[in-house]
Amino acid sequence: MAAAQTIIVTGASSGIGRAIALHLSEQGHDVVGTSRGASGLERLDVTDETSCAALIERVLARTGRIDALVNNVGQAMLGAQEECSVDEVRALFEVNVFGAMRMTGAACQAQVRQGLGPRGSQARNSGPGAARRGGGVKGSRKPMRAEDNP
Ligand SMILES: NC(=O)c1ccc[n+]([C@@H]2O[C@H](COP(=O)([O-])OP(=O)(O)OC[C@H]3O[C@@H](n4cnc5c(N)ncnc54)[C@H](OP(=O)(O)O)[C@@H]3O)[C@@H](O)[C@H]2O)c1
């Protein structure tokens with residue numbers, strides 16, 4: 001097995017995030033799963049910058065390092081364009097797009113402080129209407145790869 005890593009999995013209380021967290025844990029990694037309120041998980045609301053920064057500091061204080069971040073948190077909105085208000089879609093962007101940006105920024109800053117350089121990568125689905133379905137951040141991987149491999 002590869003060396004155990006400290007990995008944050010956001011939105012680990014259910015669904016895909018829970019499955020990813022359990023799988024990584026079974027592989028021997030030190031997994032930090034998050035939720036807004038589920039017991040046994042680290043508290044995180046990705047719409048709150050202070051919450052994101054506080055999570056990173058708690059993980060660093062406990063483990064001394066952050067090797068990887070899985071930006072799994074996402075909410076979906078189903079319905080035709082004309083049924084969705086701008087405010088509803090804006091709220092979704094706060095979670096699915098800006099939430100992922102907040103966590104990636106905070107984790108990368110921590111990795112730079114560790115001397116690892118920014119190593120994060122984030123992706124969900126993309127394409128038309130992707131943010132409404134829970135994606136819209138895939139494009140951020142390429143610039144980060146370029147940063148990793150100048
Ligand atoms: N399921 C699919 O078919 C599908 C397809 C394509 C993409 N995806 C994407 O895959 C990811 C996981 O999907 P899923 O179906 O497994 O979702 P899910 O079961 O609804 O889980 C979403 C997770 O996100 C957390 N969460 C929601 N809002 C949050 C917020 N503001 N701050 C922090 N945590 C928050 C929830 O935790 P708490 O409620 O405990 O806080 C929960 O753990 C999402 O990004 C989704 O868009 C899913």
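Start with strands β1 and β2, which pair in the parallel sense over four bridges. The model is a predicted one. Select residues 6–9 for β1 and 30–35 for β2. Within this pair, pick Val-9 and look across to β2: the residue opposite is Gly-33.

Next, widen the selection to the whole sheet. The sheet is open and has four strands, ordered β3-β2-β1-β4, with parallel pairing. At its edges are β3, residues 42–43, and β4, residues 68–70, each of which pairs on one side only.

Now select residues 15–26, helix α1. The helix has twelve residues, which at 1.5 Å a residue should span 16 Å; the end C-alpha atoms are 17 Å apart, in agreement with that expectation. Show the side of α1 that holds Gly-17, Ala-21 and Leu-24: these residues are buried. Viewed down the helix axis, the buried residues fall within an arc of 70 degrees, so they line one face of α1. Their packing partners are β1 and β2.

Turn to the other side of α1 and select Gly-15, His-23 and Glu-26, which are exposed.

With helix and sheet both displayed, check how they are placed. Helix α1 lies across β1, β2 and β4, and its direction makes an angle of about 165 degrees with β1.

Finish just beyond the helix. Gly-28 follows α1 and has a positive phi, near 100 degrees. From there, residues 30–35 bring the tour back to β2, the strand that stands between β3 and β1 in the sheet order.

Conventions: Residues numbered from 1 in each chain as written. Predicted model: local features only at pLDDT ≥ 70, side-chain atom pairs only at ≥ 80, totals over all residues. Helix = DSSP H or I, 4+ residues; strand = E, 2+ residues; numbered from the N terminus. Expected span 1.5 Å × (residues − 1). Buried ≥ 20, exposed ≤ 12 C-beta atoms within 10 Å, placed from the backbone. Arc of directions from axis to C-beta. Contact = placed C-beta atoms within 7 Å. Pairing = 2+ DSSP bridges. Axes fitted to C-alpha atoms, helices over the stretch in contact; angles between N-to-C directions.
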